[in-house]
Amino acid sequence: MRLSPDEMILWRDGFFKLNATIAYTWGLMLALTVGSMLVTHNLSLGLSRSRWQNLLEIVVTGIEKQIEDVGLRRPRKYIAFLGTLFLFVASANLCTVIPGYEPPTASLSTTAALALWVLAAVPLFGIEEQGLGDYLKSYAEPTIIMLPFNIISELSRTLALAVRLFGNMMSGSMILAILLTITPFVFPIAMSALGLLTGMVQAYIFTILAAVYIAAATRGRKSRPEMDTTIDA
Amino acid sequence: MDNATLIAISSIVTAGLTIALGSIGPALGEGRAVATALSSLAQQPDAATTITRTLFVGLAMIESIAIYCFVVSMILIFANPFWTHVVAEAAGK
């Protein structure tokens, strides 16, 4: 039994291996990029707009609203990063309805790469917003004794992000495979419907957590936002 | 009993124990979280969107603990490094 799509090798030439994770990731990227390019190449400002433009507008404004709700007051600045995370993870998880498709998020490599991006983006946004000195000072926040714990929590939440998404997606396909051998007909359908819901929720969680981490890093001591959402993994 | 049998027995038993014990805590936690969210929804239906969002985020965090246990037990069963080591050694002989 395969634990991840990493082990499904489609093409091999000496040192280079093309596994299913890479292939499906690039396929998704191609579909997302070409799709949005096709939609956005003739946008209309008037009241009559195409169906696809409406769809994209709903998606973009929805993501913007969610980011704003978390406590980032200028969502336009962060939507490039957080929106991309959400769209990629959501489409990777939703495409499991296509037969023969293996979600690239069921591989620890993909989720670790996404989580590492969050690990890198949080200090970058924090330094940009607060300045290097103030940002570094926030690590020693209540007292200097908390410094190692803050650094550990930074690393452990990255691990948690990666393993959470990987575990959820992997368990979905794994439970499906096990159920197919026990009760072949009806039950796997119900479980795969549940898997779609879990995939969507996980995409949402991943994005919201990244947004919460960025909000915590960019929140200076002088400017406290009205809504206090601090969730720590 | 040789090493391979010992590794197999301990892996299988530990995998079962991991998922069994590891799902108790998250189950209790999720039950408490949902119960509290429902009672606050009944008290303040206006705050439904905030409560639901926080509930979903919290549930996914609690659930991820159970998922960690599941990942560990899956690794023990399907991708056990000690087992592959023993198998590789036996194949090398």
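Trainee: What makes up chain B in terms of helices and strands?
Mentor: Chain B has four helices and zero strands, where helices (H or I, at least four residues) and strands (E, at least two) are DSSP runs numbered from the N terminus. Along the sequence the pattern reads α-α-α-α. This is a predicted model, in which local features need pLDDT of at least 70 and side-chain atom pairs count only at pLDDT 80 or more, while totals for chains, interfaces and linings use all residues. Residues are numbered from 1 along each chain as its sequence is written, with chains lettered from A and ligands numbered from 1 in the order in which they are written.

Trainee: Why is chain B called more spread out than a compact globule?
Mentor: The globule rule is 2.2 Å times the number of residues to the power 0.38, and the radius of gyration is taken over C-alpha atoms. For 93 residues the rule gives 12 Å, and chain B has 21 Å, well over that value, so chain B is more spread out than a compact globule. Along the principal axes, its C-alpha atoms fill a box of roughly 70 × 20 × 10 Å.

Trainee: What makes strand S1 of chain A lie largely in the open?
Mentor: A residue is buried if 20 or more other C-beta atoms lie within 10 Å of its own, exposed if 12 or fewer, and partly exposed in between, with C-beta atoms placed from the backbone. Of the five residues of S1(A), residues 9-13, the number buried is zero, so the strand lies largely in the open.

Trainee: How do you know that S1(A) and S2(A) pair?
Mentor: Two strands pair if DSSP finds at least two bridges between them. S1(A) and S2(A) (residues 16-19) have four bridges, in the antiparallel sense. The two strands form a hairpin with two residues between them, and A:Gly14 in the turn has a positive phi of about 65°.

Trainee: What makes the largest nonpolar core a core, and which residues touch the most other members?
Mentor: A nonpolar core is a set of buried Ala, Val, Leu, Ile, Met, Phe, Trp, Tyr and Cys residues joined through C-beta atoms within 7 Å. The largest one has 45 residues, and A:Phe206, A:Ala210, A:Ala211 and A:Ile214 touch the most other members. H7(A) supplies the largest share, twelve residues.

Trainee: How many residues does each chain give to the contact?
Mentor: Two residues are in contact if their C-beta atoms, placed from the backbone, lie within 7 Å. Chain A gives 15 residues and chain B twelve. H6(A) gives the most on the chain A side, with seven residues.
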